[in-house]
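Trainee: I have a model open and want to learn how to read it. Can we go feature by feature?

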Amino acid sequence: MNDLQNQGTTDLVDTALFGGRTGFEGIDSECVQTPFLKLAQRATPEATEGDTKYIAGLKPGMFFCPTTRKVYGPSPRLIIVKFYRTYNVYAGEGPESKFKGQIGVDEYKNRIEPTAQRVKSYTMKDGLRYVDARNFIVLVDNHKEDGPMLLTLSSTGVSPSRKWISSAMAISVNRNGAIEKAPIWSSVWQMNVQFFQDPKGSYHQIASADRIGWVSKADAPAVRSLFNDLADAQISVEEQAHETAQAENTASADPLSNVGNVFGGDANKPADE
């Protein structure tokens with residue numbers, strides 16, 4: 001993943017000194033905080049002027065990363081490098097409920113679902129709340145140096161996540177006369193956000209993810225390398241990444257819970273041209 005972390009190289013010491021041990025040997029996923037890409041809501045502290053967490057320029061309906069405090073606007077172009085599904089577990093139902101961790105789909109269906117009580121868009125069992133979460137690890141196409149971020153869709157985000165994945169799975173290419181499914185990392189998608197309102201509340205949510213072309217030929221090797229690095233990686237999720245209050249209501253979507261372009265190239269050309 002080093003190819004994606006290439007900012008500020010003009011300020012580095014002589015790179016001839018690099019090589020060998022780095023000091024990062026033995027560090028696993030539990031030692032590293034996973035940056036999140038979130039969609040700001042009206043109640044998001046980072047989008048509320050006067051709040052200690054306020055980020056200048058961030059408005060409801062814009063994507064941002066709480067870790068770096070960087071704002072990506074309402075329509076970032078994203079590249080998917082990993083997708084996986086989990087159930088996020090919280091203690092309690094109210095705004096003060098605490099994130100307890102994640103469990104896999106098989107564990108949820110075998111151990112929790114048979115005796116759990118359905119409430120709105122989640123289930124409850126023994127005081128714990130289980131929320132269906134669709135997790136996308138993404139790169140922001142024109143900010144790849146920011147590295148991969150985790151975008152989590154749940155509650156009202158489940159429907160657009162299904163459409164996004166279905167669209168990605170439908171992309172095929174002709175390679176040497178054979179039709180093959182294009183890998184998930186090979187396309188660039190533009191997010192489109194809308195404001196929704198109904199009797200239960202109001203919220204911003206992804207309305208669609210529109211494919212705008214292929215990852216550029218210049219970017220493809222590093223993006224594919226990251227995809228391979230993440231294929232079997234276990235993602236560590238921090239408690240602070242989850243704002244549980246907005247997960248409480250199906251009409252109040254969970255906030256979306258991350259590389260100047262060091263790659264260059266034309267996003268409209270297929271990676272395998």
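Mentor: Start with the hairpin of S2 and S3. This is a predicted model. The hairpin has 4 residues between its strands. One residue there deserves a look at its backbone angles.

Trainee: Which residue in the hairpin of S2 and S3 takes a positive phi?

Mentor: Arg 69, with phi near 60 degrees. Now the strands themselves. S2 covers residues 63–65 and S3 covers residues 70–73. They pair in the antiparallel sense, over 3 bridges. Phe 63 has Gly 73 as its bridge partner in S3.

Trainee: How do I read the sheet around that hairpin?

Mentor: General idea first. Strands of a sheet pair through backbone hydrogen bonds, either parallel or antiparallel. Here the sheet is open, with 3 strands in the order S1-S2-S3 and antiparallel pairing. S1 (38–39) and S3 stand at the edges, each with a single partner strand, so one side of each has no neighbour in the sheet.

Trainee: How many bridges join S1 to S2?

Mentor: 2 bridges, and the two strands run antiparallel. Leu 39 stands opposite Phe 63 of S2. Phe 63 also has Gly 73 as its partner in S3.

Trainee: Where else should I look for positive phi outside glycine?

Mentor: Try two loops. Ser 155 is not a glycine, yet its phi is positive, about 55 degrees. Ser 155 sits in the loop between S9 and helix H2 (158–169). Asn 176 is another non-glycine residue with positive phi, near 55 degrees. Its loop runs between strand S10 (172–175) and strand S11 (178–181).

Trainee: Is Ser 155 buried or exposed? And Asn 176, buried or exposed?

Mentor: Read the relative accessibility. Ser 155 counts as buried because its value is 14%, under the 20% cut-off. Asn 176 is at 81%, so it counts as exposed; the cut-off there is over 50%.

Trainee: What about a residue in between?

Mentor: Take Asn 142. Its relative accessibility is 44%, so Asn 142 counts as partly exposed. Asn 142 lies in the loop between strand S8 (128–140) and strand S9 (149–154).

Trainee: How far apart are the C-alpha atoms of Asn 142 and Arg 77?

Mentor: 7.4 Å. Along the chain, these residues are 65 apart.

Trainee: Now the interior. Which residues of the largest nonpolar core touch the most other members?

Mentor: Leu 37, Phe 63, Leu 78, Phe 136, Leu 151, Trp 164 and Met 191, out of 24 residues in that core. At least two residues of this core come from each of S2, strand S4 (77–91), S8, S9, H2, strand S12 (187–198) and strand S13 (201–214). A second, separate core has 14 residues, including Phe 36, Tyr 84, Leu 150 and Leu 230.

Trainee: How do I read the buried face of a helix?

Mentor: An α-helix has 3.6 residues a turn, so residues three or four places apart point the same way. Now apply that to helix H3, residues 220–230.

Trainee: Which residues of H3 are buried?

Mentor: Ala 220, Ala 222, Val 223, Leu 226 and Leu 230. Among the elements that cover them are S4 and S8. Leu 230 is also a member of the second core.

Trainee: And the overall picture?

Mentor: The protein has 3 helices and 13 strands. Of its 273 residues, 44% count as buried. The accessible surface comes to about 14100 Å². Carbon and sulfur atoms account for 48% of that surface.

Definitions and conventions:
Residues numbered from 1 in each chain as written. Predicted model: local features only at pLDDT ≥ 70, side-chain atom pairs only at ≥ 80, totals over all residues. Heavy atoms only, no water. Pairing = 2+ DSSP bridges. Buried < 20%, exposed > 50% of the residue type's maximum accessible area, 1.4 Å probe, protein only. Areas by Shrake-Rupley, 256 points an atom, 1.4 Å probe, with all protein chains shown as cover. Core = buried A, V, L, I, M, F, W, Y, C linked by side-chain atoms within 4.5 Å. Contact = heavy atoms within 4.5 Å.
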